[in-house]
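User: Please go through this structure with me in questions and answers. I should like each reply to reason from the coordinates to a single value or name.

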Amino acid sequence: MYLIVNIIGVLVYLGIAFLFSKKKKAINWKSTAIVLVLTLVIAWILTSFSWGRDAVQAAANGFNWLVQVAYQGIVFALPNWVTADYGGTAKTMNFVTSSLLPILLIVPMFDILTYIGVLPWIIKWIGRGLSAITGQPKFESFFSVEMMFLGNTEALAVSRLQIQTMRAERNVTLAMMSMSCITASIVGAYTQMVPGNYVLTAIPLNILNAIVVTNILNPVDVTKEEDTIAKIGGASAAEEAEMDDGKKEPFFSFLGDSILGAGRLILIIAANVIAFVALAALIDKILALFNPWLSLEHILGIIMFPFAWLMGLDVHDAFQFAQYMGTKLVTNEFVVMGKIAPTIHDVTKYGAHYQAQLTVFLTSFANFSTTGMIIGAFKGLADKESNALISKNVGYMLLSGILVSLLSAGIVGLFVW
């Protein structure tokens with residue numbers, strides 16, 4: 001019964017995308033179907049085969065190992081912030097120590113891979129392969145892979161030359177796709193709070209579902225003459241490490257900038273989490289003045305309940321799931337992950353189906369605040385026409401992010417019970 005509801009849910013999410021499509025007759029159904037089948041196959045492999053599960057678990061363990069290595073640096077500076085398991089003196093570790101400070105190692109590591117050309121090379125060839133298999137435009141395929149590793153604003157920044165040469169409609173597609181990514185540099189933070197194997201499963205599914213959803217919501221006919229990459233995005237990324245005279249920036253100068261950037265990222269995430277949790281608490285206090293039952297989570301749970309129930313959950317679990325969904329969209333994924341971290345790993349409490357779907361749904365940047373980040377990023381990259389059109393499509397950007405998260409969670413749920 002629940003499996004049938006889950007299947008219907010996936011179809012409903014696709015139906016909503018079709019309902020709001022700007023040009024229903026222009027949808028490339030062949031390419032969309034190919035990407036959707038590829039998504040199902042990948043979800044099936046990563047969740048239903050022992051070697052697939054082992055692969056994502058190994059990747060998750062790799063990120064956890066990096067986090068443990070990062071603790072060695074934290075112990076040196078702040079031994080009373082780290083538990084005895086890692087050489088410190090603390091009884092427990094707070095959110096900043098366990099999840100955010102390791103970013104000081106992981107961000108520079110990915111930046112070094114970019115500096116030496118490894119990461120751009122991987123992005124380029126995976127993007128080309130994806131375009132060849134799915135029949136999607138070259139740059140949109142390339143960009144989907146690029147944002148998987150770099151994050152939304154970073155991927156946009158290194159793609160500035162392409163953005164400046166593309167039509168406004170295609171830039172809207174990029175803006176919509178950007179709602180569904182994460183950056184690889186904070187995967188380690190996620191895996192400390194929720195099951196890492198499902199975090200790693202969500203990443204490729206989000207990329208593919210972003211293509212599916214934007215194909216339906218905002219179909220754009222790209223001619224052969226347009227279907228080019230102005231300059232390989234990886235090469236543009238390398239430009240970030242070059243001086244004004246065209247010479248490569250000295251490595252340690254580049255590394256210093258990377259570390260400072262990681263520090264700023266930690267401060268941004270911490271500030272957002274503190275502010276959003278406090279604001280949500282303030283709203284709850286105000287609502288309680290009218291009715292003790294009223295809370296932000298309850299209201300959001302009622303709004304999102306139909307979509308959560310279509311995940312194939314019973315009524316009680318669906319309402320709880322819906323509250324987490326709504327909280328994530330209004331605040332961010334870290335706020336919800338912090339709440340569920342103590343219990344989400346207990347399959348006996350939640351069930352594997354619930355655990356997998358909730359983790360996958362949370363693993364994206366789809367929330368209200370991300371729309372502002374993306375619009376701000378385009379302000380310095382695109383022309384007035386593109387910026388104006390993107391600003392008019394904020395609702396579509398948010399809808400795209402929500403539908404991708406729902407689709408990815410719904411598809412994973414088909415194979416995990």
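User: Which residues make the nonpolar surface patch of about 680 Å²?
Analyst: This is a predicted model, and the patch is a feature of its surface. One member, Met1, sits in the segment before helix H1 (2-19). The patch of about 680 Å² is made by Met1, Tyr2, Leu3, Ile7, Leu11 and Trp417.

User: Is Met1 buried or exposed?
Analyst: A residue counts as exposed when its relative accessible area is over 50%. Met1 has 71% relative accessibility, and therefore it counts as exposed.

User: How many helices does the protein chain have?
Analyst: The protein chain has zero strands. Its count of helices is 22.

User: What is the radius of gyration of the protein chain, and what does the globule rule give for 417 residues?
Analyst: Along the principal axes, the C-alpha atoms fill a box of roughly 60 × 55 × 50 Å. The protein chain is as compact as a globular protein of that length, because its radius of gyration is close to the value from the globule rule. The two values are 21 Å for the chain and 22 Å from the rule for 417 residues.

User: What percentage of the 417 residues in the protein chain do buried residues make up?
Analyst: Buried here means under 20% relative accessible area. By that criterion, the buried share of the 417 residues is 53%.

User: Which residue forms a salt bridge with Arg170?
Analyst: Side chains of opposite charge can pair when their charged atoms come close. For Arg170, the closest N and O atoms of the pair are 2.8 Å apart. The partner of Arg170 is Glu140.

User: Which helices hold Arg170 and Glu140, and how many residues apart in sequence are the parts that the pair ties together?
Analyst: Both Arg170 and Glu140 are buried. Arg170 lies in helix H10 (residues 168-177) and Glu140 in helix H7 (residues 138-150), so the salt bridge ties together parts whose separation in sequence is 30 residues.

User: What is the N to O distance in the salt bridge of Glu169 and Arg167?
Analyst: The count of salt bridges comes to two, and Glu169 with Arg167 is one of them. Glu169 counts as partly exposed because its relative accessibility is 29%, and Arg167 counts as partly exposed at 33%. The N to O distance between their side chains is 4.0 Å.

User: How far apart are the end C-alpha atoms of helix H6 (residues 118-134)?
Analyst: At 1.5 Å a residue, the 17 residues of H6 should span 24 Å. The value from the model agrees with this expectation, as the end C-alpha atoms are separated by 25 Å.

User: What arc around the axis do the buried residues of H6 cover?
Analyst: The buried residues of H6 are Leu119, Pro120, Ile123, Lys124, Gly127, Leu130, Ser131 and Thr134. They lie on the same side of H6, because the arc that they cover around the axis is only 140°.

User: Which exposed residues does the face of H6 turned away from its buried side carry?
Analyst: Just after H6, Gly135 takes a positive phi of about 75°. Within H6, the face turned away from the buried side carries Trp121, Ala132 and Ile133.

User: What separates the C-alpha atoms of Ile344 and Pro195, 149 residues apart along the chain?
Analyst: Ile344 is placed in the loop between helix H17 (333-340) and helix H18 (347-350). Ile344 counts as buried because its relative accessibility is 0%. The C-alpha atoms of Ile344 and Pro195 are separated by 7.6 Å.

Note on methods:
Residues are numbered from 1 along each chain as its sequence is written. This is a predicted model: local features need pLDDT of at least 70, side-chain atom pairs count only at pLDDT 80 or more; totals for chains, interfaces and linings use all residues. Side-chain values use heavy atoms; hydrogens and water are left out. Patches are made of residues with over 30% relative accessible area and no salt bridge: like charges are joined within 9 Å, nonpolar side chains (Val, Leu, Ile, Met, Phe, Trp, Tyr) within 5 Å. Accessible areas come from the Shrake-Rupley method with a 1.4 Å probe; for residues, only the protein chains shown count as cover. Helices (H or I, at least four residues) and strands (E, at least two) are DSSP runs, numbered from the N terminus. Buried means under 20% relative accessible area, exposed over 50%, partly exposed in between (1.4 Å probe, protein chains only). The expected span of a helix is 1.5 Å times one less than its number of residues. The arc is that of the directions from the helix axis to the C-beta atoms. The radius of gyration is taken over C-alpha atoms; the globule rule is 2.2 Å times the number of residues to the power 0.38.
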